[in-house]
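Reader: I am new to this structure and would like a close look at a single part of it. Please start with the whole and then move to the part.

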Amino acid sequence: MKIKDKTGKLAVMTFVAVLGLSSCSNDDIDYTSGTYPDAPESYFAIQDVQKFKVGEDDNDFTLTVFRASVSDPSTVKLTWSGDVDKFVLPDMATFDGDDQIAEVECLIDNSSMTALETYKLKVSIPGTVDTPYTQSAVEYEFTYSPMSQWAPVGNDDGLGYYEFSCYYDGYVEDPVLVEERHSLADENQVEYRFSWLLDYDDPESWEVFLTAESSDGGENITVPVQLFTIDEDGYEIYVADLATYTGTEDFDPSYFDPEEGVFYLDLVYWDSEGIWGYGYEFCNLYGYGSDDEGDSDASYGIAPKMVKSKIGKIKSGRMRKTSRLPLGNLLPQRNR
């Protein structure tokens, strides 16, 4: 399995000089405007530390390097530091033809890693400096976490239905498949994935639309920041649980109730312009109480069939979206 780092593309850099300064006194004031470093020939996209969980099947990752112009050198030297003995790391990035992006494949030596240990790497382009638009280095953290095989959750092969309300307005996806896997080194480390059918006529066309995890065996669930969909206007829609989004613990928990067979996920959806909605969404598994298949007590009607593609991008627009909240809208804190 290949791991890709965060990428970005430098479009146009515009530097604005301060042309003058007015003063309310007659005294002359010496003023020197600030300057930015010159844009480097080669650089990395601006990004935080890249953190990855590495499983038994993850044996490589991709580093992305950019150059400002096709006239810049076609090869770039790379220097690495950190736990380099756990990886096979190229010392050069090569741009093909007129490409301004070079993808460098790096290998992970899983056999030399210890379960639940975190290994750090830093890659730099010698002779470059950071600017407001570029980075001269990228840092990585890889945690080796071998996992069990994915297995269905619940009493009925992991099948159920999912009630959307925060991004899609009153929409029920039926059926969904919920699966879990555990860390082989710590059974309290659990990962979940929620899948919908890309084609309702093909019962094997499952595609993951949401992932979650737990560090206490499922008592409390976290939904990490992840890309949920790209809407018809080209906006990237992200989702996470409210505690993760705000960086606080002042919000209601997400969890699974094993007696009801219901996941309670306290979520928020947003894009670059603002928040779409937030609050609880529910995934109800079949085989619990009155929620057997065909006897759903969901509060919304099931929407018509639609066509989906990767990462949940909607091609038909049959799901009705909620309204985006104003940019900067403050989320009211709800005590647990």
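What percentage of the residues of the protein count as buried? After that, please take me through strand S21 and its surroundings.

Author: This is a predicted model. Of the protein's 336 residues, 40% count as buried. The chain forms one helix and 21 strands. Taking contacts between residues at least 6 apart in sequence, 65% join residues at least 24 apart. The protein exposes about 18200 Å², and 46% of that comes from carbon and sulfur atoms.

Now to the strand. S21 covers residues 274–285, and nine of its twelve residues are buried, so the rest of the structure largely encloses this strand. Strand S20, residues 262–271, pairs with S21 in the antiparallel sense over ten bridges. A hairpin of two residues makes the connection from S20 to S21. Within this pairing, Phe263 has Cys283 of S21 as its bridge partner.

S21 also pairs with S13: the two run antiparallel and are joined by four bridges. Here Glu163 stands opposite Phe282 of S21.

S13 spans residues 159–164, and the loop between strand S12 (151–152) and S13 contains Asp157. Asp157 has a relative accessibility of 58%, and because the cut-off for exposed is over 50%, this residue counts as exposed. Apart from neighbours within four places in sequence, Asp157 is in contact with Pro152 and Leu177. Leu177 is 20 residues away from Asp157 along the chain, and their C-alpha atoms are separated by 8.0 Å.

Next come the side chains around these strands. In soluble globular proteins, nonpolar side chains tend to be buried together. The largest nonpolar core here has 30 residues, and the members that touch the most others are Tyr162, Phe194, Phe263 and Tyr269. At least two residues of this core come from each of S13, strand S14 (171–182), S15, S16, strand S18 (236–241), S20 and S21. Tyr162 shows what such a member touches: leaving aside neighbours within four places in sequence, its contacts include Val172, Val176, Phe209 and Leu210. Also in contact with Tyr162 are Leu265, Leu267 and Tyr269, along with Glu281, Phe282 and Cys283. Apart from this core lies another, of 26 residues, with Val54, Phe61, Val138 and Tyr144 among them.

Aromatic rings are the last topic. The structure holds 35 aromatic pairs. One of them is formed by Phe164 and Phe209, a tilted pair with 5.7 Å from centre to centre and 50° between the planes. This pair links distant parts of the chain, since Phe164 belongs to strand S13 and Phe209 to strand S16 (residues 206–214), 45 residues apart. Both Phe164 and Phe209 are buried. Trp196 and Phe228 have ring centres 6.3 Å apart and planes at 55°, so this pair too is tilted. It also links distant parts of the chain, with Trp196 in strand S15 (residues 190–197), Phe228 in strand S17 (residues 226–230) and these positions 32 residues apart in numbering. Trp196 and Phe228 are both buried.

To return to the part you asked about: S21 is largely enclosed, pairs with S20 over ten bridges and with S13 over four, and supplies at least two residues of the largest nonpolar core.

Methods:
Residues are numbered from 1 along each chain as its sequence is written. This is a predicted model: local features need pLDDT of at least 70, side-chain atom pairs count only at pLDDT 80 or more; totals for chains, interfaces and linings use all residues. Side-chain values use heavy atoms; hydrogens and water are left out. Buried means under 20% relative accessible area, exposed over 50%, partly exposed in between (1.4 Å probe, protein chains only). Contact means heavy atoms within 4.5 Å. Accessible areas come from the Shrake-Rupley method with a 1.4 Å probe; for residues, only the protein chains shown count as cover. Two strands pair if DSSP finds at least two bridges between them. Rings of Phe, Tyr and Trp (its six-membered ring) pair if their centres lie within 6.5 Å; planes under 30 degrees apart count as stacked, over 60 as edge-to-face and the rest as tilted. A nonpolar core is a set of buried Ala, Val, Leu, Ile, Met, Phe, Trp, Tyr and Cys residues joined through side-chain atoms within 4.5 Å.
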